[in-house]
Each structure stands twice: as C-alpha cells, then as structure tokens.
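Morning, everyone. I have one structure to walk through today. Please have it open while I talk.

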Amino acid sequence: MAIAELVMPKLGESIMEATILKWHKKVGDHVKLDETVLDIATDKVDSEVPSTVEGVITEILYNVNDVVPIGTVIVRVETGAAQAAAPAAPVVAPVVPEPAPVVVAPAPAPQPVAAPVPQPVAPPSPVQAPPPVAEVPYTPSAPMVELLSKPASNRFYSPLVLNIANSEGISLSELERIPGTGSDGRVSKKDILQYIADKKAGRVPAFQAAAPVYQSATAPAPVQQMAAPATAPVPVAPVATPAPAAAPIPAPAPVAPSVPETPAYQEPIVPVVPAPQPTHAPQPVVAAPPAPQPVVAQTVAQEPIKPASRFPEQQAAVYSAPVPPAPQAVYATASNKVSDPSGVQVSGATEIIEMDRMRKLIAKHMVDSKHTSPHVTSFAEADVTNMVMWRNKVKNEFEQREGTKLTFTPMFVECIANVIKRFPYINCSLDGDKIIVKKDINIGMATALPTGNLIVPVIKGADQMNIVGLSKAVNGLADAARNAKLKPEDTTGGTFTLTNVGTFGSLMGTPIINQPQVAILAVGAIKKRPMVMEGPEGDTIAIRHMMYLSLSYDHRIVDGSIGASFLTEVAKEFEKWDINKRWFHYL
C-alpha cells in the first residue's frame, strides 16, 4: 500500500495561494481517479480540485476557509487500500464452499419463517396511501411563485441585478421579496430573469397592491384635515372640483384686508361648501357606477390641493394660516415627493454590506497592480463603420452556418493580435530587472459575472485562429464564465487583456493592468457622429460609427512612444476592416 499526496494546483502566474471553499470527501471515503475532492477559490475563478489517484483518503490537512499556498500538500490518499480489499474476497471464497452445505442450510430456513413477519406489515401500506393523496391538493399552487413573507432588506444586490430591475420597472421593495438562490440568499441574474418571466406569464401574485396601500395611508390623512367638506361630494370630484377650486380664489380678495379678524375664518368656508352641492344634484347620473369611484376619489382628493400649494398667500387669507398647510405642502403631489424644502425628513439611515470573498480578492489584486505598475493611459478614436456594416451583413448567415453568434469581440481580438506581432514589448512581463517577452499571443477578455464581479478568461493562441475560431472561443469562454463552469486553465497564461467598457454604455475608461501583464486595452461604446471625410474632391461630412480606445500600460517597460504607436495602429487596423471580408473561405 502506497500513500499519494494531493497538492494545491497552480492556478495562474500571479496566483500564489487559494482558499478552500468546501470538502466533498472526508477521511475514510473512497475516491476515484479525477473525482472532485474539494472546491477552491482565487481572485480569478472558483474551481474544483480532482483526485490524481484512486484510493482511500487517510488525512485531510486543512479546513474550510483556510488559505493554502500553491504546491502545498492538502490531502493524503492510500492508493493500495482498494487493491487490498479486492483480493480479500477471493481468499474467503474457497474457504466458504466446504462448510457452506452445513452452515448455509439453516440460514435459508429462518428466512422463509421471517417472510410471514413482513406480511402483516403489508396491510399498513394501503393505510399510508392517503397521506400522499392529502398532499395532492397542494400541487396546483406550485405554478404560482411565492414571494418572501418579509422583505430581505439586508441583502446585497449586484449592479447587474439592479440594472435589470430598473429596466423592468421592479422597485426595491419588490426586489427585496424575491427569493434568491445565490450565496446567503442573494438574488442572482438567473433569479431575477426567472421572476420577470413568471411575472409576465401571470405566475406571480400581484405585488403592486402594497404600493397603493402606502400612498392611501399617507395622502388622505392631510386631505381630510383641509378638505373635510369635499368628502361628501366624492362622486362629483372628477368634474366639479376644478370649478369650486377657482371660485374661492376671487373670494379672498375682499377678505384679505380683514385677515387679523379670526371670525373671517368661518365666512369663506360657508360659500365653499354649497359650491360643490349644486353640481352634486345633476351628478346622480354619473354616480351610477359606485364601485370604481372610490379609486378615483383618492387621486381627486389630492388635486384640489395643488392650486392651494401654488398660492400660499391666498391660502393663508382663507384659512387664517393654521398649522395644516405644512402637511398639505408635503403631500402636494401624487408621487409623495415634497414641494416644500422644510418638509424633507433626513433619517440618517445607513446600510453596512460585507464584501464577499471574491470581491475582497479582486480589490486586493487591483490595489497591488497600482502599487506595482506606474500606469499611463493613452486615448485614440477609431472609425469602425466597416466593422459595423460587415457584421450586419453576415451575422445571420454566420450564426446559421457556424452555430454561434458573431459579436464585435472576436473582430477586435483578431485586429489586436495582428498588431501585437509588430510590438513585442506590449506582449511581455517583468520579473525583477528582466523583461520576459512572450512568443504566444494569449488575449484575456474581461467578463462580468452575474454576481457583479469580474473575471478574465484567456483566449489561447489568438493569432492562430480565424474569425470563426475566435467567435467560438469567445462565446464558449463567456458562457462558461456566466455559468460558473470555467476551469483553472481557462484563466491562466494571459499576455494581454481586452476589456469592453462600451458594453455598459461607457464612451471610454482607464483600465487597471492585469498583473503580471504590462498593458490592457479598453474599447468604448460605438456611437454615430458626423465626421469630416477627406476625399479627392475635397472634404465632406458623413455619418460614421465612431469608438474611443484607451490603452493603460506599465511605464517601467512601455514608454509613451511605444504605447501611443501601438494604440494608433490598433485604431487603424479597426478602420481597415475589409467590408467584403470572406469568413467561409475554409469550406
């Protein structure tokens, strides 16, 4: 029997340690070859560690959440245990046949005797049948999605989830009641997209009923104080309230000089009350549908307050400036937003959110990069009209023939790989005083995860693939990243990084170098703009698709002349894209 040692695998050039997330095996368990033993995590990817041998685990050297350096022994496996158990069976086999006729004979005898014992147990089985039947009536409620009974106000929401909720019109209070399947009950992209689909399909109970309750509880309160006479002609409000609202305005004119006299407070109220009553007489025809009217009454009761809030002087003359005008100004609009700055209430409430493990590692990696490399960023502008027109022309046929979508990313990668060949110092790393020039062009692409974190899968040998191969590589890595199926080797070996900040609408950015690389390129959003075009017949103005490029580089190796020249060549490579480019020439 031999003891094999399972060590923490190397997960990248800049990764020197990993955190243990979960053990799938314990001491004494049998493990097969390539069977997952534990889950580990780094600042780039969460990964599974498979067993390199088959045997029985004899020792586990680290616990969950321990940070283990690369190359350290974490598990010991006894490889001969399985083989020792196998010969033990044949050794017993030849010994058993001799006493078998004597010893085994009585063995079957008690088994038939024991057979009648289960028979009385058989009758209870039909008795237990009703409980499953009792659960059947609850199955119809399964299609209806249940929300959380209490809002989960202390949850963290990623920017992606908040962006989707904002675009779909989901309020924060509604978002807090969506059950999440992520870590600590967090709502992931899959959860909110499923919730939106269920909501559109009618499988989600109406949640908007809670919002009107809040508004009706706050808005009518001040209205009843100021507009108590208007409660009687509620059905008349839609038609008649504008007329009486204008009637009191000229009335205060003669009363204005006698503002100090308090008895004047009762006189203006008397003409206000009978004003809506005449309109109430012809209104019985409209009052026929009483059911929908209470809903209108809430909004109508708020509208008469608007002219009063516009003219505080007249309001003071009519009502002798009592205390109620203050809440009337606060609830002057149907959105419950104040129109008087004095009505603003600052609660001073705050929320403290703990960083998750991956966010902490990314933050440390970014700070270390800024401390390691003196960053310089250069900017350029590229006319990508040919790229846009070519993609629009071939993308449908491309997807039908190749089975994958055509995006701008593989087009950018192809151009960048061509330019890197002419600028080898862009494709290198620094080890002390030594410059390590990489001969392979492995381009990493920054990818946003559903959790809001960032990961950089690497396209290996980008200069060796055509547009079809690059499209399959880009889409495959992006899907694996979003579904948490990336392998450790998918995030290692990068020599240059591309990040598309235009995906989220940014025109440009100043990216941080992904160590130990020396440069990273950011492409912004593509926008149509009028541009001056030079031609043999003079200058003309045309609508072109323009995009900003920004290159951050390590000034220890890449000087401004090299960085700016490289960026300019990349922009020219984008502009020189052949609008008649053939992508199926390999057939």
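Start with Trp23, which stands opposite Leu38 in β4. That is one spot in the pairing of β2, residues 17-23, with β4, residues 36-41. The two strands run antiparallel, and four bridges join them. Another pair to find here is Ile20, opposite Ile40 in β4. One caution before we go on: this is a predicted model.

Now go to the other neighbour of β2. Three bridges join β2 to β7, again antiparallel. Click on Ala18: its bridge partner in β7 is Val68.

Put these strands together. What is the strand order in this open sheet? It reads β5-β4-β2-β7, four strands with antiparallel pairing. The edges are β5, residues 46-50, and β7, residues 67-69. Each edge strand pairs on one side only. From one strand to the next, the twist averages 40°.

Just before β4, stop at Asp34. This residue sits in the loop between β3, residues 30-31, and β4. Its phi is near 70°, a positive value in a residue other than glycine. Why flag that? Most residues other than glycine have a negative phi.

Next, another open sheet. Four strands make it up, ordered β1-β8-β6-β3, and the pairing is antiparallel. Its edge strands are β1, residues 3-7, and β3, and each of them pairs on one side only. Inside the sheet, β6, residues 55-60, and β8, residues 73-78, share four bridges. Find Ile57 there, opposite Val77 in β8. At the β3 side, two bridges pair β3 with β6, antiparallel once more. Val31 has Gly55 in β6 as its bridge partner.

Jump down the chain to the hairpin. β18 and β19 form it, with two residues between them. β18 covers residues 527-535 and β19 covers residues 538-554. They run antiparallel, with nine bridges joining them. Look at Gly535: it stands opposite Gly538 in β19.

Upstream of that, there is a peptide bond to check. Which kind of bond joins Gln515 and Pro516? It is cis, with omega about 5°. Pro516 lies in the loop between β16 and β17. As a reminder, most peptide bonds are trans.

Now the pocket. How much space lies in the largest pocket? About 1500 Å³. It is lined by 45 residues. Closest to its centre are Ala446, Thr447, Ala448, Asn500 and Phe504.

Where does the lining come from? Several elements each supply at least two residues. Among the helices on that list are α7 (159-167), α21 (357-372), α23 (408-420) and α24 (467-482). The strands β13 (447-448), β14 (454-455) and β16 (496-500) are on it too. As for chemistry, the lining divides into 24 nonpolar, 16 polar and five charged residues.

Last, confidence. The mean pLDDT of the chain is 74. Of its residues, 63% reach 70 or more. Which elements have the lowest and the highest mean pLDDT? Helix α10, residues 210-218, is lowest at 42, and strand β17, residues 519-523, is highest at 96.

Two stretches deserve a mark on your copy. Over residues 250-289, the pLDDT is below 50. In the model, that stretch has 21 contacts beyond near neighbours in sequence. Residues 326-332 also stay under 50. For those, the model has 18 contacts beyond four places in sequence.

To recap, take three places back to your screens. Trp23 opposite Leu38 is the way into the β5-β4-β2-β7 sheet. Gln515 and Pro516 give you the cis bond. Ala446 is one of the residues closest to the centre of the largest pocket. That's it from me.

Conventions. Residues are numbered from 1 along each chain as its sequence is written. This is a predicted model: local features need pLDDT of at least 70, side-chain atom pairs count only at pLDDT 80 or more; totals for chains, interfaces and linings use all residues. Side-chain values use heavy atoms; hydrogens and water are left out. On a 1 Å grid over the protein atoms alone, a cavity is a set of points where a 1.4 Å probe fits but cannot get out, and a pocket is an open set with protein on both sides within 12 Å along at least five of seven lines; lining residues have an atom within 4 Å of a point. Grid points are joined across faces, edges and corners, and a volume is the space filled by probe spheres set on the points. Ala, Val, Leu, Ile, Met, Phe, Trp, Tyr, Cys and Pro count as nonpolar, Asp, Glu, Lys and Arg as charged, and the others, Gly among them, as polar. Two strands pair if DSSP finds at least two bridges between them. Axes are lines fitted to C-alpha atoms, for helices over the stretch in contact, and angles run from 0 to 180 degrees between N-to-C directions. pLDDT is the predictor's confidence in each residue, from 0 to 100. Contact means heavy atoms within 4.5 Å.
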